[in-house]
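Here are a few exercises to work through with the model open beside you. Try each task before reading its solution.

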Amino acid sequence: MIFPNELEQLVSLTRDIVASDVAPRAAGVDEHCTWPAASMEAFAAAGLLGLQVPATLGGHGQGLLALAAVSAEIARACPSSSLCFGMHCVGTAVIAAKATADQQERYLRPIAAGRHITTLALSEAGTGAHFYLPETQLVKGDTGYTVNGTKQFVTNGSHADSYVVSTLASDGSAAGGDFSCLVVDRDTPGMGWQGDWAGFGMRGNSSRALVLDSVQVPAANLLGAEGDQVWYVFEVVAPFFLMAMAGTYLGVAQSALEAAGAHLRNRRYAHSGAALRDIETLQTRYAKMWIAFQKTRALVFEAAARGDAGDPDALPFLLASKADAGETAIALAGDAMTICGGSAYRDNSRVAQMLRDARASHVMSPTTDLLHLWAGRALLGIPLL
Ligand SMILES: Cc1cc2nc3c(=O)[nH]c(=O)nc-3n(C[C@H](O)[C@H](O)[C@H](O)COP(=O)(O)OP(=O)(O)OC[C@H]3O[C@@H](n4cnc5c(N)ncnc54)[C@H](O)[C@@H]3O)c2cc1C
């Protein structure tokens with residue numbers, strides 16, 4: 001797909017930042033489970049944090065295609081940075097969807113100016129992958145709300161300036177996913193962080209648990225109206241999250257393809273002088289990797305373009321994209337491990353990291369199994385839930 005000119009420039013800008021600020025630190029982010037502060041600072045300085053902020057508020061006013069394309073560029077070098085950037089963008093899109101004038105000034109303008117990082121805190125231990133069923137309680141008071149609950153796996157946890165939190169509707173009538181979303185500012189009394197993040201992969205994303213103990217949130221921080229937020233989940237959270245993650249795993253798949261190609265060209269045998277690329281079995285394996293990557297790339301960008309255009313048939317494309325990108329990333333990282341041989345396996349190498357990072361796709365909800373289920377239902381005209 002040829003991107004519109006403005007998006008091509010954003011992708012090119014991202015590529016430059018990744019080369020100068022993200023790639024040199026990527027191995028350290030993975031090794032030490034370091035939240036990628038330098039990446040986020042570079043994105044902020046370049047104006048990329050405002051990717052999803054409307055142009056009238058100083059942002060780029062971009063949609064799903066830009067999110068997928070930019071995320072893919074970042075993930076080619078540092079999937080953790082892509083995850084942190086992506087969850088910030090999803091949180092931004094949720095705030096922007098029905099922002100009041102006050103929320104525009106307090107959140108969206110600072111985000112566009114690179115002064116504010118947000119993120120999404122939906123998942124809970126009790127309901128796991130069923131992220132649309134929060135158990136966190138919201139009680140309405142005279143001037144605002146009291147929030148009680150615990151969120152799991154909050155990407156950018158303890159580093160973001162605000163957290164988009166889902167709760168049960170305050171009148172207690174919540175059933176089948178009827179809940180509210182609000183923005184909780186960092187360091188609000190009653191917020192506490194549990195444990196450190198030391199994941200199998202995505203080791204820089206600081207996915208920590210957030211305890212909300214009688215946290216007081218002003219009424220002005222409610223997003224939309226109370227109890228109407230199933231709309232948020234399926235109209236905003238789902239498409240933006242799916243495209244951020246599909247782009248991220250597309251980037252991992254591309255880096256695996258590139259690593260395999262470089263090793264095939266560079267590895268030579270002393271006994272024959274032949275390179276690995278001269279071996280037919282590996283030529284075939286590499287071609288299959290390239291085909292899988294191109295098919296996934298086409299699906300992801302097709303889905304994003306359909307979503308941006310408001311195509312009523314976009315849903316199965318969007319659902320399938322994240323599932324497919326995750327599966328392709330895992331398969332290609334596995335192939336790259338095979339092609340790159342013992343050196344890649346021995347050293348917990350960059351290719352090994354790709355395999356670990358790619359595995360997050362199957363457990364980050366909507367998980368691969370849920371996406372296949374929902375895509376099938378969407379195609380057959382059956383309600384997703
Ligand atoms: C790296 C990482 C970053 C994350 N970042 C965030 C974040 O920023 N914000 C956030 O809110 N959450 C985040 N999450 C949480 C994530 O989205 C999931 O909520 C979480 O991983 C679910 O874990 P669980 O063990 O409770 O899953 P479980 O619910 O126990 O599921 C276990 C498995 O069962 C499968 N399963 C469950 N029900 C069904 C079904 N009906 N049909 C088919 N299969 C089913 C699931 O697909 C999964 O494979 C993150 C997770 C990870 C790993």
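**Exercise 1.** In which loop is the place of Asp187?

Solution. Before we start, note that this is a predicted model, in which local features need pLDDT of at least 70, side-chain atom pairs count only at pLDDT 80 or more, and totals for chains, interfaces and linings use all residues. Residues are numbered from 1 along each chain as its sequence is written.

Step 1: find the strands β5 (179-185) and β6 (191-194); Asp187 sits in the loop between them. Strands (E, at least two residues) and helices (H or I, at least four) are DSSP runs, numbered from the N terminus.

Step 2: check the backbone. Asp187 is not a glycine, yet its phi is positive, about 65°.

Step 3: count neighbours. Asp187 counts as exposed because it has 8 C-beta neighbours inside 10 Å. The cut-offs are 12 or fewer other C-beta atoms within 10 Å for exposed, 20 or more for buried, and partly exposed in between, with C-beta atoms placed from the backbone.

**Exercise 2.** Is Asn156 buried or exposed?

Solution. Step 1: go to the loop between β3 and β4 (162-168), where Asn156 is found.

Step 2: Asn156 has 26 other C-beta atoms within 10 Å, so it is buried.

Step 3: look at phi, which for Asn156 is near 70°, a positive value in a residue other than glycine. For background, most residues other than glycine have a negative phi, and most peptide bonds are trans.

**Exercise 3.** Which residues does a cis peptide bond join?

Solution. Step 1: look in the loop between α10 and α11, where Pro366 is found.

Step 2: read omega. The bond between Ser365 and Pro366 has an omega of about 0° and is cis.

**Exercise 4.** Between which domains does the ligand lie?

Solution. Step 1: take the division into domain 1 (5-117), domain 2 (120-223) and domain 3 (230-380); these bounds come from an automatic or database domain assignment.

Step 2: list the shell. Of the 24 residues around the ligand (C-beta atom, placed from the backbone, within 6 Å of it), the ones that come nearest are Ser123, Gly128, Phe153, Thr155 and Thr367. Two or more shell residues come from each of β1 (118-121), β3 (144-154), α10 (360-363) and α11 (368-380).

Step 3: conclude. Both domain 2 and domain 3 give residues to this shell, so the ligand lies between them.
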